[in-house]
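Subject: Structure handover, with notes on what was found

Dear colleague,

I am passing on the structure we spoke about, together with some notes that I hope will be useful when you open it. Please look through the model first, and then read on for the findings.

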Amino acid sequence: MKNKLKRLIIIPVLAFTIFFTGSAFQNDFFEIAKQIEIFTTLFKEINMNYVDETNPAELMDTAIKSMLKDLDPYTNFYNEQDVEAERIRRTGDYTGIGAKVRTLKDRLVIVEPYKEYPADKAGLKAGDEIIKVGEVVISNYKDDAGDLLKGTSNSSVEVTYLRQGKEHKATIKRSEIEIDAVPHFSMIDDKTGYIVLSTFNNKASSQTGYALKDLKAQGAQRIILDLRNNPGGLLHEAVNVVNLFVPKGQLVVTTKSKVKKYNRTYYTLKDAIDTEIPLVVLINGSSASASEIVSGSLQDLDRAVILGSRSFGKGLVQRPKPLTYGTQIKITISRYYTPSGRCIQALDYANRDDKGNAVRIDSKEYHEFKTKNGRPVFDGGGVLPDQSFDISNNTAITDAVINDFLIFDYATDYYYKHPNLTDMSSFQLKESDFKDFKNYLNTNNFSFITETEKSLKLVYENAKKEELDDNIKTDYNTLLNNLKNSKELAINENKEQILTLLTDEIVKRYVYREGLYDYYKTHNLEIQKATEILGNPSKYKDYLR
């Protein structure tokens, strides 16, 4: 243990030397050096003298993560396994079973098997619960159970899983998995092309460019670019995607930092594929980071009509920095600004409320900027679409239903109750299905706790401490009952959106994600509206004036 401590103590000393040589830290050098010395001494004393045996690595991991928690959620420490996961996210290539998996304490849930990849070929379906990998029981496994599914290409792994309560076994032969940035592109009608860009890995611009050229060859005279639910990724890929539609030499994004070398301006470097083709970009509350650079820049340049709901609002830029022993930190180094000069960061992590949550920037503090044509746009709170679409904006109650995986679980039950559905092109849920889903929520004890309920509970708890509860108990119960009725009403008020979310998940069960995009082309309301705007040139131009 003493040898471990010696190695661990050396690390802060090395850090001390690095800080001394970095000009950005010279002003705070004494304070940094002082805190490192305090921490080193504390860490040594705890590990040498604590009454029970300690684990230095776990203590350090906790210390690092606790420190970073006070910054923003994007500044993260990565161990060696995390570094590999980040590489996969950037490149889109890895070796595995070819499925999106959710890790729980006692099982691995297949969220989505990718068509024609190993898990799919082995017969696994969304909703299957893996309880054993090889001879390893998931509930007894202390590390990340998802790693058990990884392995070299062509190696096999046997899994034991539950499906609708029955136990099954399957042998999966792992393979190279390639995650496409553009999982789908096709023609909606004889003049309108549709491109889905789902992530900004290092294939994003090349695959989007290929899709654009292919659709133009098929006769596309206008384009819908779908960035909904795209969480972002590589900044330079966002710049390159914008470059497909705007000329060489155009400013796309600027980054500003307290460290001068991170102050950068990003211009388009190549000739565009098409600077004139009418373009509508779809976004929603899960479109973040690089998605907002693309949508915000195209909006500022009056190059596209933005349609949907307000984007997530992530205006912060991260950069990975290598640390010792194969670890890494991804650190927020700057903020980005679109061509008009606005930063669309929605949360202020430097200011937090009483519960420690970052404060959302008040709309009263937004600043007005101008697009290339002089249209007003605003900073803070994400990219606001030119054409807002309420159905694509999740409410608190729909988020609660999604986060409890009740949409997912209901779709699983629906799939096995309706095994003979084949033609999904005209699929539509009925009123009876919505009623059935509400019963499903009650059966599964769905409880959405509102902020009002939390506040009421706090007031009542204080009243009990002060022995005033007898006087307000009746009123308290009446208020709770009224809130319960209000929540039931809220489910009904969000009926259209809930049915849309259910439909998406159910369609995907039968025809995979590829089939869902085909379904969107004829049923999705945002795509219908985008097609309508593009089909009316004067209306399209009115949005950009």
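Please keep in mind throughout that this is a predicted model. I begin with strands β3 (residues 99-103) and β4 (residues 108-113), which run antiparallel and are joined by five bridges. The two strands form a hairpin with four residues between them, and within this pairing Ala-99 stands opposite Pro-113 in β4.

**Salt bridges**

A search of the whole structure gives 22 salt bridges, and one of them leads away from the hairpin just described: Arg-513 forms a salt bridge with Glu-112, with the closest N and O atoms 2.8 Å apart. Because Arg-513 lies in helix α14 (residues 495-523) while Glu-112 belongs to strand β4, this pair ties together parts that are 401 residues apart in sequence. Arg-513 counts as partly exposed, since its relative accessibility is 28%, whereas Glu-112, at 8% relative accessibility, counts as buried.

Lys-508 is also found in helix α14, and it belongs in the same part of the picture: leaving aside its neighbours within four places in sequence, Lys-508 is in contact with Glu-112, Arg-513 and Leu-516. Its relative accessibility is 17%, so Lys-508 counts as buried, the cut-off for that term being under 20%.

Helix α14 also holds a salt bridge of its own, in which the side chains of Arg-509 and Glu-505 meet at 3.3 Å, N to O. These two residues both lie in α14, four residues apart, which is about one turn of the helix, and Arg-509 and Glu-505 are both buried. Elsewhere, salt bridges that share partners join Asp-106, Arg-107 and Glu-129 into one network.

What is the N to O distance in the salt bridge between Lys-150 and Asp-147? The side chains of these two residues meet at 3.2 Å. Lys-150 is partly exposed, with a relative accessibility of 42%, and Asp-147 is likewise partly exposed, with a relative accessible area of 30%.

**The six-stranded sheet**

The model also contains an open sheet of six strands, in the order β10-β11-β12-β15-β16-β23, and the pairing within this sheet is mixed. Its edge strands, each of which pairs on one side only, are β10 (184-187) and β23 (387-388). Helix α14, already met through its salt bridges, lies across β10 and β11 (192-196), and runs at about 35° to β10.

Further along the sheet, strand β12 (residues 222-226) pairs with strand β15 (residues 279-283) in the parallel sense, over four bridges. Within this pairing Leu-225 has Val-281 of β15 as its bridge partner, and Ile-224 stands opposite Val-280 in β15. Strand β15 also pairs with strand β16 (residues 305-308), again in the parallel sense and over four bridges, and here the bridge partner of Val-280 in β16 is Val-305.

Why can β15 be called largely enclosed by the rest of the structure? Five of the five residues of β15 are buried, so the strand is largely enclosed. In a regular strand the side chains alternate between the two faces of the sheet. In β15 both faces are covered, with Leu-279, Val-281 and Ile-283 on one side and Val-280 and Leu-282 on the other, and all of these residues are buried.

**A nonpolar patch at the surface**

Finally, there is a nonpolar surface patch of about 560 Å², made by Phe-39, Leu-42, Ile-46, Tyr-50, Val-51 and Leu-59. Helix α2 (residues 29-49) gives the most to this patch, contributing three residues, while Leu-59 lies in helix α3 (residues 56-69). Leu-59 is partly exposed, with a relative accessible area of 35%.

If you want a place to start in the viewer, I would suggest the salt bridge between Arg-513 and Glu-112, and from there the course of helix α14 across β10 and β11.

With best regards

Technical notes
Residues are numbered from 1 along each chain as its sequence is written. This is a predicted model: local features need pLDDT of at least 70, side-chain atom pairs count only at pLDDT 80 or more; totals for chains, interfaces and linings use all residues. Side-chain values use heavy atoms; hydrogens and water are left out. Two strands pair if DSSP finds at least two bridges between them. A salt bridge is a side-chain nitrogen of Lys or Arg within 4 Å of a carboxyl oxygen of Asp or Glu. Buried means under 20% relative accessible area, exposed over 50%, partly exposed in between (1.4 Å probe, protein chains only). Contact means heavy atoms within 4.5 Å. Axes are lines fitted to C-alpha atoms, for helices over the stretch in contact, and angles run from 0 to 180 degrees between N-to-C directions. Patches are made of residues with over 30% relative accessible area and no salt bridge: like charges are joined within 9 Å, nonpolar side chains (Val, Leu, Ile, Met, Phe, Trp, Tyr) within 5 Å. Accessible areas come from the Shrake-Rupley method with a 1.4 Å probe; for residues, only the protein chains shown count as cover.
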